[in-house]
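Me: I would like to go through the labels attached to this structure and ask, for each, what value stands behind it. Please set the value against the criterion before concluding.

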Amino acid sequence: MWRELLHIGRHPDSRGYRRYAWTGADAECRAWFRAQAESRGLTYEVDRNGNQWAWLGDPSAGDAVVTGSHLDSVPDGGAFDGPLGVVSSFAALDELRARRVTPAKPLAIVNFGDEEGARFGLACVGSRLASGQLSLPQAHLLTDGDGVTLPRAMEAAGYDPDALGPDPERLARIGAFVELHVEQGRALDLSGDRVGIASAIWPHGRWRFDFRGEANHAGTTRLVDRHDPMLSYAETVLAARREAELAGAVATFGKISVEPNGVNAIPSLVRGWLDSRAEDQATLDTVVGGIEKAAREYADAHGIALDVVRESFTPVVEFDHALRDELARILGEDKDKDKDKDKDTDLKVPVLGTGAGHDAGILSGTVPTAMLFVRNPTGVSHSPAEFAAEDDCVAGVLALADVLEGLACA
Ligand code: HGY
Ligand code: MN
Ligand code: MN
């Protein structure tokens, strides 16, 4: 499976993946998903929001056990964020068949559309739509950097954008959703575990800061006469770092656009996107409030107009405790077998929080959800250097197979 995915959407220079929603690379990934489903004799369907499903058993029976993740990427993303969950889902299903277990409940694998929000700016569009957290009118306003709207992009990819919307009947048929994901930090590396269970996702959001000044000649305009929005933007980037450090949170300006974007012109507009996350809501509010206050002071000092728009927000997610405990029990049981072999090993499956967003977090308000993390030895993610060792990936597949067996065959 990895060999087939390896080349799709990979940039020849950066070696990173550029698999943006509803592009050709995305279509290739989706064709791969469909082929994987069909080659296993699974029932393939696409829901009204463009999410792909592969079913073993009757999709309408209810109390289904669903696993999966996403295949799209951030700009120059790694191979694992998203695809590891989908590949592991198919591999876990193969493992269940090899074990000759027959699930009593329907099992499904899902590929959620546009998880990263790399193209239209909003993450987890497929799961937000399905769970009613993004409405059709809001979705129709989403526009990419070239001015192409989401409906036009979906139409060009062969989907019906007017069908977008909540899918309560489909979600009501799901008894549990488990997403396996490469860890995006080093907790498992530090604890020496191959696999962990998620506890919570930090609240996080994206804010757009528009600094508007006055375009002018870079050679002839005296410094004192300038209204240069780049200065207030630069000071705001430093303020973001400072506020995040003070609060033990994170804040990142990772995307910027400049007008007119000429080397010999003072900019008229600098637009920077802030991504900020913290362990709790109050801390996140303090950080973002502090950054905005500093930005306004800098803007005023340079005669710059500032607009701040919150483009997306995801509140804190506490994964379903009962399901989390059930996963710990299933995986703990397996580990107990090793206990007799090696009494000195720490046998607990670690439970860890994360600052990264996931479709499992979005669905958690509607469906009992849980996540498994697979060790990432460097912690690097959203970069071509993202990595997970094959042994750890196999451990992830076996853990997922155990979990699916425990949940669906009970
Ligand atoms: O940005 C995120 O946290 C996620 O990977 N979409
Ligand atoms: Mn990601
Ligand atoms: Mn992901």
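Me: Why is Asp81 called buried?

Reply: In this predicted model, Asp81 has a relative accessibility of 5%, and since buried means under 20% relative accessible area, Asp81 counts as buried.

Me: What makes His382 partly exposed?

Reply: The relative accessible area of His382 is 40%; because the label covers what lies between under 20%, which is buried, and over 50%, which is exposed, His382 is partly exposed.

Me: Why are Asp81, Glu116 and His382 called donors of the manganese ion (ligand 2)?

Reply: Their coordinating atoms, OD of Asp81, OE of Glu116 and NE2 of His382, lie at 2.0 to 2.2 Å, and as a donor has to be an N, O or S atom within 2.8 Å of the metal, these atoms qualify. Asp81 also coordinates the manganese ion (ligand 3), which is 3.6 Å from the manganese ion (ligand 2).

Me: Why does the pair Asp81 and His382 tie together parts that are far along the chain, 301 residues apart?

Reply: Asp81 sits in the loop between strand S3 (64-70) and helix H3 (83-98), while His382 sits in the loop between strand S15 (369-374) and helix H13 (390-408), so the pair joins parts 301 residues apart in sequence.

Me: Which residues touch the most other members of the largest nonpolar core?

Reply: Among the 49 residues of that core, they are Trp32, Phe33, Phe90, Val178, Leu327, Leu372 and Leu407. Helix H13 gives the most to this core, with 10 residues.

Key:
Residues are numbered from 1 along each chain as its sequence is written. Chains are lettered from A and ligands numbered from 1 in the order in which they are written. This is a predicted model: local features need pLDDT of at least 70, side-chain atom pairs count only at pLDDT 80 or more; totals for chains, interfaces and linings use all residues. Side-chain values use heavy atoms; hydrogens and water are left out. Donors are N, O and S atoms within 2.8 Å of the metal (3.2 Å for Na, K and Ca); water is not among the atoms, so sites may look incomplete. Helices (H or I, at least four residues) and strands (E, at least two) are DSSP runs, numbered from the N terminus. Buried means under 20% relative accessible area, exposed over 50%, partly exposed in between (1.4 Å probe, protein chains only). A nonpolar core is a set of buried Ala, Val, Leu, Ile, Met, Phe, Trp, Tyr and Cys residues joined through side-chain atoms within 4.5 Å.
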